[in-house]
Amino acid sequence: MKIKITLFCSFFMFTVLFSQIPPSGEGLKGSKKYDQFEKPEACKSCHTHIYQQWRQAMMSQSYTHHWDEIEYFDLAVPHAEKVPGLKEPVDGCNGCHTPLAYMAGDVTPPRPSANSRANEGVSCDVCHTISGWAGDVPHNFSYISSPGRRKYGAKPGLVSPHHDTEALPLYEQTEYCGNCHNEKNPYGIWVKSTQIEWKEGPYAREDVPCQRCHMPKAWGKNATMAKEDMVAQHLFHGAHDAGKIAGTIELRIHPEEHEIPYDGTAHLQIQLFNAKTGHKFPTGSVEDRIVWLHVTATDANGKEYHLAVDKKGFSGEEYTIASDALGYQDMGIPKGIANFKGVQRDGVPVGDRIFRMPYFDAEGNITIMQWNTKTLGVDYRIGPRETKIETFTWPLPEDIAPGRVVVTAQLNYQKLVKPVADFLGVPEEESEIIPVNSASTYFEVYE
Ligand code: HEC
Ligand code: HEC
Ligand code: HEC
Ligand code: HEC
Ligand code: HEC
């Protein structure tokens, strides 16, 4: 009897304690209703500029964007239909990409063409009703959501006719962003770690949070009836903004000697300095993204030669030098293609240096299916304020013309490796070549 009472009491205590912890992460699923959240259009009349900025940003397209729709509906959902253990993590895509649908328990949500409220993506009311987060490291939609009349922000004492306001220090902290910009997959692998990268880097030590670079402040009004002040611009510009990518890395190139005999060898060195990002470059969807260095030399007759980068000899280096190897065989599972041979791993000129971190599936093949990633390969990305050096050793070709040879280094960026984009039918803009920077030098060839 005594045991029974004790058991009952601890069960009761447990339920009381547990019910007081607001849900976050997977606990959010089905914990709310769509109509507890206001539509972005309800904010537009007063917060006009912020609304229009958000409309342009990827935040408003996090569910409707073509590549998101293709990856979710053509790869992730069919994969989870074949491997039941994947249902929970694949539902979890929505915890970051369409938080309203996830919290309303509307998973799998309707396709974007159905025009449902899932299309609102990361909306004003998703972000401004976040009242905290739970756990040790923010990740996997670990935010706590408290929808209602109160909108949280960073500024104390603001008055609005439409809602109450409350300032929380969280809105100026990187943990706020880390809730969705760090992600651990079903294998326990960090498949997205932008906030963790930031925390380990120089900008954390100098207290420059994400907001300083992605929501920069400018003088103006944050609402039509507000007083002028410094206002956080809702730009969230990143990989989808060619201007944000441009100049991220500064380049310099020089030869060891400016005069080289026609039967000699040119030795060139390139410095790549990451002047702009607060995290590694590339970051975020690292499974998709590549940055590569293409070096060419043009002799006095205008003949162009392609130079291959020198090997450094570190382990896993083969994934950082472009080759015509195949990869991404695991796409065959959701696509229902037996013994799928894969598509080209890199799709950029063979011999170019690639700055990336490859993701591998359980079979050891490179993958873009982050939920299917069992291990990570060598991390050869460029860290915040890091400088990497690449060298090129070029025995001059027999037919080179005497006179000036101009050597040009071009650094490019691609959001999604092209062979994968083409295979899946992702619109061209997702695999377009975005120039990051370039530099050139010269040497003279004498007889
Ligand atoms: C009728 C006009 C109106 C509407 C509609 C409106 N707001 Fe506001 N909001 C204001 C005003 C006014 C302020 C205070 C501005 C100031 O004094 O700087 C404000 C302030 C805010 C702040 C800043 C809070 C802080 O403490 O930093 C947030 C966040 C906010 N609104 C979110 C929203 C969201 C989200 C919506 C739509 C669901 C919305 N607002 C709809 C007028 C409005
Ligand atoms: C990804 C989350 C996110 C989204 C989406 C978002 N905001 Fe914000 N908003 C923030 C954060 C964080 C701040 C505080 C930034 C700071 O002060 O550094 C902020 C600040 C504000 C402010 C105060 C600006 C100032 O500095 O005076 C207003 C008003 C506001 N948001 C309204 C909106 C409206 C309206 C929308 C939708 C059109 C929206 N926000 C979408 C995260 C978000
Ligand atoms: C509720 C989840 C959530 C929160 C909170 C959030 N983000 Fe995002 N963010 C996303 C998603 C999802 C995308 C991807 C949109 C897409 O599908 O391309 C994104 C996209 C972005 C992009 C654009 C990247 C690109 O590829 O162009 C930037 C920049 C960004 N977020 C910065 C921030 C910053 C800074 C904060 C904190 C102030 C923040 N985010 C908070 C979910 C979130
Ligand atoms: C010092 C400025 C700076 C800081 C601080 C910063 N970023 Fe960035 N971020 C950039 C620049 C520049 C780019 C464009 C180059 C790139 O894609 O990495 C970028 C790109 C991004 C992208 C798109 C990356 C991709 O390749 O898809 C995301 C997402 C992002 N940042 C989120 C964040 C988050 C979250 C934080 C805070 C934890 C943060 N950033 C801190 C400058 C910054
Ligand atoms: C923890 C939050 C989170 C989860 C869970 C998540 N994502 Fe994302 N996803 C993001 C963020 C943030 C970005 C933007 C990063 C960047 O720009 O580099 C992103 C980017 C993407 C992109 C690239 C968008 C582009 O245009 O380049 C695709 C596609 C995508 N996610 C699909 C998925 C799928 C499918 C799942 C589930 C298997 C998933 N995501 C789970 C947060 C998340």
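Which residue in strand 21 is the bridge partner of Tyr 413? Before selecting anything, keep in mind that the structure on screen is a predicted model.

Start with strand 21, residues 434-446, and colour strand 20 beside it; these two run antiparallel and are joined by 11 bridges. Select Tyr 413 and then look across to strand 21, where its bridge partner is Ile 434.

Keep strand 20, residues 403-414, in view and add strand 12, residues 290-298, which pairs with strand 20 in the antiparallel sense over 9 bridges. Here a useful pair to select is Leu 293 and Leu 411, the latter being the bridge partner of Leu 293 in strand 20.

Move next to ligand 4, which has 27 residues around it, with Cys 210, Cys 213, Gly 238, Ala 239 and Gly 278 coming nearest. Domain 1 (21-232) and domain 2 (242-446) both give residues to this shell, so ligand 4 lies between them. Among the helices that each supply at least two residues are helix 9 (194-199) and helix 12 (242-245), while the largest share, 4 residues, comes from helix 11. Coloured by class, the shell shows 10 nonpolar, 13 polar and 4 charged residues.

Finish at ligand 3, where Cys 177, Cys 180, Cys 210, Gly 238 and Ala 239 come nearest of the 24 residues around the ligand. Helix 8 gives the largest share of this shell, 5 residues, and helix 5 (87-97), helix 7 (124-127) and helix 11 are also among those supplying at least two each. By class, the shell around ligand 3 divides into 14 nonpolar, 9 polar and 1 charged.

Methods. Residues numbered from 1 in each chain as written. Chains lettered and ligands numbered in written order. Predicted model: local features only at pLDDT ≥ 70, side-chain atom pairs only at ≥ 80, totals over all residues. Near = placed C-beta within 6 Å. Nonpolar A, V, L, I, M, F, W, Y, C, P; charged D, E, K, R; others polar. Domains from an automatic or database assignment. Pairing = 2+ DSSP bridges.
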